Amino acid sequence: MLDYWTVGEDVSVRDAFGRILVHMAAERSDWVLLDADVAGGTGAKPLVTQYPDRVMQFGIAEQNMMAAAGGVADTGLIPVVSTFGAFGCMRAHEQFRTAIAYPERNAKLCCSHVGLDVGPDGASAQMLEDLATMRAIPGVVVISPADANEFMKAFPVILDHQGPVYMRIGRSPTPVVFAADHTFEIGKATRVREGSDVTVIATGVMVARALSAAETLAAEGVSVRVVNMATIKPIDMAEVIAAAVETKGIVTAEDHNIFGGLGSAVAECAAQHHPAKMKFVGVNDTFGKSGEHDELPAMFGIDAKAVYAACKELI
Amino acid sequence: MRHAKPIDEAKASELSELARSVRVDSMRMIQHAGSGSPGSTLSVTDVLVWLYFHEMHIDRADCRWNGRDRLVLSKGQASPAYYSIFAKLGWVSENELMGYRGFETRMQTHPEYNTIPAIDYTSGSLGMGLSAVNGMALAARYQGQNDLRFFCIMGDGETQEGQVWEAAMTAGHYKLSNVINVIDRNVFQGDRACADVMDQEPYAEKWQSFGWDVKVADGHSYEDLARVMATFDPAKPKLLIADTVKGKGVSFMEADNAWHTGGPKFDQAHLTQALQDLGAPT
């Protein structure tokens, strides 16, 4: 029996990664985890401890690990490659493209240390470009779950999906948004708050911040719709179009560079089907810095206040 | 694990005739395409012929037979020889060969998984092949398929890619004794001699220090390849350094790195000469 967390609790998605790995190891034997000496950091440690035979250790050699995943997939076994975002999505990007995505291998890449949510590790580890780099590769499903529960719902779904998937793993404690009865479907957004004035389309840690901003705005008489866009690619076009048609504008919110990620994906969709006024909440084309997860969002303009301000500007 | 197969004179002569024919196909394909990598294709042809027509366990009736030995052609630019061999094994049609490098063809410049079923791995981006066979070997170990062997074929210049050494480290660490890496040591790479571009020698000592058993063979002698193959340490990953001649079999290409690539200079007169050297009708 899989235990889910309670809505409102602060939980690191890394804990969800460890929990679901152990659960799925007991459930099925058709996958293995590939690690590059960071299981302690990604949250995979419980699997290493409880199911050591399910882990292929590659040491600090991500390019080799990623290309080896292509070889593992050739045998029908599903490789779940796990490392930090900067190494999985940038250092080994070409290996992911050529050895996994191009041959349409059934391989999964789950990376922690994404966005500014890396805390004191600083800019070199702050992966602010992963949604852009992974989205640019043909045929790759890109997922950024909103919380620990949604991550646990999504993991079995990506194992069942035939083809390459990239999924983010959050690091810092983040409020749980979804209850245990939440269902996750690739390419399907979830409306987490109804509203008619403006829509915030958020992903990952920004969903909870968007809900908080919506609460503040409601007190001021502004009705904000909040959409959790957990799948960045393929994007839920119907939900984007509905926001464009039914509300006065769209604010996108992501812990990522404003270029190439969720905001760009939403804009591409809206521009083609129903142009809308938009504001982009994200890191404004700059590198990060060391700092705690509750200090950096304000500094880089990706906290609830930034979402609030963007909504005010739109209406 | 499967044992190396001995070879007799009759078999060697049969392989030699097959290799001659593969070289003829390759020269026709590259000349017709107007570009390609003739020198590198010719150097590795005998190794490929030896593996596909003698050493590897394959099923000619089913190129995806699950019990087959795997081969990753990491030096993907040698694909004309690879495709010609597939045609001789009945895995692609002879008629497809001249489509090499062309429009809407399965004869892609570099081998691509999902195009021809016989291709085990997408290559062409140098330095990835050994990682791939490591992954296959680790997965086979997990699945209890302990008899299979996993061959990788790389160029000598290719070992300048850092990932090759990550992969060497991994195979050594896990004692992947069913991994056999062949380095086609033709001593040249794209621009010049490997030793002048970025010297990688001594190969043997480097790979030995990573936990590999290293042997050197004449890459144009089936008897020598088979003899050396039988002498490997059964407990270690195996590096077979095949000493070869770039452009082997075509007089004006042999050891002349100007023929690393084909291009416009590979005209009809050159093709006629090449086919003559290979004893083929022109």
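This briefing covers how two chains meet, how some of their helices pack, and a few local features of the backbone and side chains.

The model is predicted. Chain B and chain A share an interface that buries about 2100 Å² between them, and a salt bridge is found across it. Within chain B, helix 1 packs against helix 2 and against helix 9.

**Interface of chain B and chain A**

- On the chain B side 26 residues take part, in contact with 28 residues of chain A.
- Of the area of about 2100 Å² that the two chains bury between them, 53% is on carbon and sulfur atoms.
- The rule finds one salt bridge across this interface. Its partners are Arg64(B) and Asp74(A), whose closest N and O atoms are 3.8 Å apart.
- Side chains of opposite charge can pair when their charged atoms come close.

**Helix 4 of chain A against helix 4 of chain B**

- Helix 4 of chain A spans residues 62-74 and helix 4 of chain B spans residues 129-142; their axes are 6 Å apart and the packing angle is about 50°.
- Because angles that count as roughly parallel are under 35 degrees and those that count as roughly perpendicular run from 65 to 115, this pair is oblique.
- The two helices cross in a right-handed sense.
- From chain A, the helix brings Asn64(A), Ala67(A), Ala68(A), Gly71(A), Val72(A) and Asp74(A) to the contact. They meet Ser131(B), Ala132(B), Asn134(B), Gly135(B), Met136(B) and Ala139(B) of the chain B helix.
- Sorted by class, this contact has six nonpolar, five polar and one charged residues.
- Asp74(A) thus appears both in this helix contact and in the salt bridge with Arg64(B).

**Helix 1 of chain B and its partners**

- Helix 1 of chain B covers residues 9-33 and helix 2 of chain B covers residues 38-55; their axes come within 9 Å and cross at roughly 140°.
- Roughly antiparallel is kept for angles over 145 degrees, so helix 1 and helix 2 of chain B are oblique to each other. Their crossing is right-handed.
- Residues of helix 1 in this contact include Leu15(B), Leu18(B), Val22(B), Met27(B) and Ile30(B). Among the residues they meet in helix 2 are Leu42(B), Val49(B), Trp50(B) and Phe53(B).
- The contact of helix 1 with helix 2 of chain B has eleven nonpolar, four polar and three charged residues.
- Helix 9 of chain B, residues 268-277, packs with helix 1 of chain B at an angle of about 175°, their axes being 10 Å apart. The two are therefore roughly antiparallel.
- Here Val24(B), Met27(B), Arg28(B) and Gln31(B) of helix 1 meet Gln268(B), Leu271(B), Ala274(B) and Leu275(B) of helix 9.
- By class, the contact of helix 1 with helix 9 of chain B has five nonpolar, two polar and one charged residues.
- Met27(B) is listed in the contact with helix 2 and also in the contact with helix 9.

**Salt bridges**

- Over all chains the structure holds 33 salt bridges.
- One of them joins Glu215(A) and Arg193(A), with an N to O distance of 3.0 Å. Glu215(A) is in helix 9 of chain A and Arg193(A) is in strand 9 of chain A, 22 residues apart.

**Backbone features in loops**

- Lys233(A) and Pro234(A) are joined by a cis peptide bond with omega about -5°. Pro234(A) sits in the loop between strand 12 and helix 10 of chain A.
- Another cis peptide bond, with omega about 0°, joins Glu201(B) and Pro202(B). Pro202(B) lies in the loop between helix 6 and helix 7 of chain B.
- His113(A) is not a glycine, yet its phi is positive, about 60°. His113(A) is in the loop between strand 5 and helix 7 of chain A.

Definitions and conventions
Residues numbered from 1 in each chain as written. Chains lettered and ligands numbered in written order. Predicted model: local features only at pLDDT ≥ 70, side-chain atom pairs only at ≥ 80, totals over all residues. Heavy atoms only, no water. Axes fitted to C-alpha atoms, helices over the stretch in contact; angles between N-to-C directions. Helix = DSSP H or I, 4+ residues; strand = E, 2+ residues; numbered from the N terminus. Left-handed = near helix turned anticlockwise from the far one by under 90°. Contact = heavy atoms within 4.5 Å. Nonpolar A, V, L, I, M, F, W, Y, C, P; charged D, E, K, R; others polar. Buried area = accessible area lost by both parts, 1.4 Å probe. Salt bridge = Lys/Arg side-chain N within 4 Å of Asp/Glu carboxyl O.
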